[in-house]
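New to this one? Here is an informal walk through the model, with a few spots to look for as you go.

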Amino acid sequence: MPNADTAVRIARYGVSGVLSALTHFTVGLAASVLLGLPPVPASTAGFAASIAVSYLLQRAWVFRSGAAHTVTGPRFLTVTAAAFGLNTAILWVGTSLAGASYPLVQAVAIMLIPGLNYLLNSRWTFI
């Protein structure tokens, strides 16, 4: 069982994830509705904004890292890229090879990936 400091950090990590997801959705929707961008570019803009929000919240609030941005930034992007690749692989294997439904497979990925991200970010990115 995690100690109190770890439990608080995990809760903060969850809040930062929700805020990051809301940023992705809100910026993507605004880019689509207000700027008239097609869905993929609009979502890409939202995703990019969510990465910035996630990085800043995790560095300053969740992990309270004092390491230089030149260290934590590239590490964070590496973890994010790996998570994106893992999500893509899980979706491909689950839907294309196993024939499972997209919502089920995406739910599995959503349950697995944030925990892995937390471990990597807490033990490598923001040390």
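What follows is a tour of a predicted model, taken one region at a time.

**Helix 2 and its buried side**

Let's begin with helix 2, which covers residues 39-62. Its buried residues are Ala42, Gly46, Ser50, Ile51, Ser54, Tyr55, Gln58, Arg59 and Val62. What do they pack against? Their partners are helix 1, helix 3 (69-97) and helix 4. Just past the end of helix 2 comes Arg64, with a positive phi of about 50 degrees.

One name in that buried list may catch your eye: Arg59, a residue of helix 2. How far away is the nearest side chain of opposite charge? That side chain belongs to Asp5, and it sits 20 Å from Arg59. A salt bridge requires a separation within 4 Å, and Arg59, though buried, has none. What Arg59 does have is a polar contact, side chain to side chain, with Thr72 at 3.3 Å. Beyond its close sequence neighbours (those within four places), Arg59 is in contact with Arg64, Ser65, Gly66, Ala67, Ala68, His69, Thr72 and Phe126.

**The cores**

Now for the nonpolar residues. In soluble globular proteins, nonpolar side chains tend to be buried together. Which residues form the largest nonpolar core here? There are eight: Tyr13, Ile51, Tyr55, Val62, Phe63, Phe76, Tyr118 and Phe126. Helix 2 gives the largest share of this core, with three residues. A second core, separate from that one, has six residues, including Ala83, Ile90, Leu91 and Ala109.

Phe63 is a handy place to look around the larger core. Setting aside residues within four places in sequence, Phe63 is in contact with Arg9, Tyr13, Gln58, Tyr118, Asn121, Ser122 and Phe126.

**Rings together**

If you like aromatic rings, there is plenty to look at: the structure holds eight aromatic pairs. Take Tyr13 and Tyr118, whose rings meet edge-to-face, 5.2 Å from centre to centre and with 75 degrees between the planes. This pair joins distant parts of the chain, since Tyr13 is in helix 1 (residues 4-33) while Tyr118 is in helix 4 (residues 102-125), 105 residues apart. Are these two tyrosines buried or exposed? Both Tyr13 and Tyr118 are buried. They also belong to one aromatic cluster, made up of Tyr13, Tyr55, Phe63, Phe76, Tyr118 and Phe126.

Tyr13 has another partner in Asn117, which touches Tyr13, Val79 and Ala83 once residues up to four places away in sequence are left out. Asn117 has its place in helix 4. Why does Asn117 count as buried? Because its relative accessibility is 17%, and the cut-off for buried is under 20%.

**Two valines that are partly exposed**

Val27 is in helix 1, and Val108 is in helix 4. Val27 counts as partly exposed because its relative accessibility is 31%. Val108 gets that label too, with a relative accessible area of 40%. Leaving out residues up to four places away in sequence, Val27 touches Ala45, Gly46 and Ala49.

Here are two C-alpha separations involving these valines:

| Pair | Apart along the chain | C-alpha to C-alpha |
|---|---|---|
| Val27 and Ala49 | 22 residues | 7.2 Å |
| Val108 and Gly94 | 14 residues | 9.4 Å |

To finish, go back to Arg59: this residue is buried with no salt bridge, and its side chain makes a polar contact with that of Thr72.

Note on methods. Residues numbered from 1 in each chain as written. Predicted model: local features only at pLDDT ≥ 70, side-chain atom pairs only at ≥ 80, totals over all residues. Heavy atoms only, no water. Helix = DSSP H or I, 4+ residues; strand = E, 2+ residues; numbered from the N terminus. Buried < 20%, exposed > 50% of the residue type's maximum accessible area, 1.4 Å probe, protein only. Lys, Arg positive; Asp, Glu negative; His and termini not counted. Polar contact = N/O pair within 3.5 Å; in protein donor to acceptor, adjacent residues only side chain to side chain. Contact = heavy atoms within 4.5 Å. Core = buried A, V, L, I, M, F, W, Y, C linked by side-chain atoms within 4.5 Å. Phe/Tyr/Trp six-rings, centres within 6.5 Å; stacked < 30°, edge-to-face > 60°.
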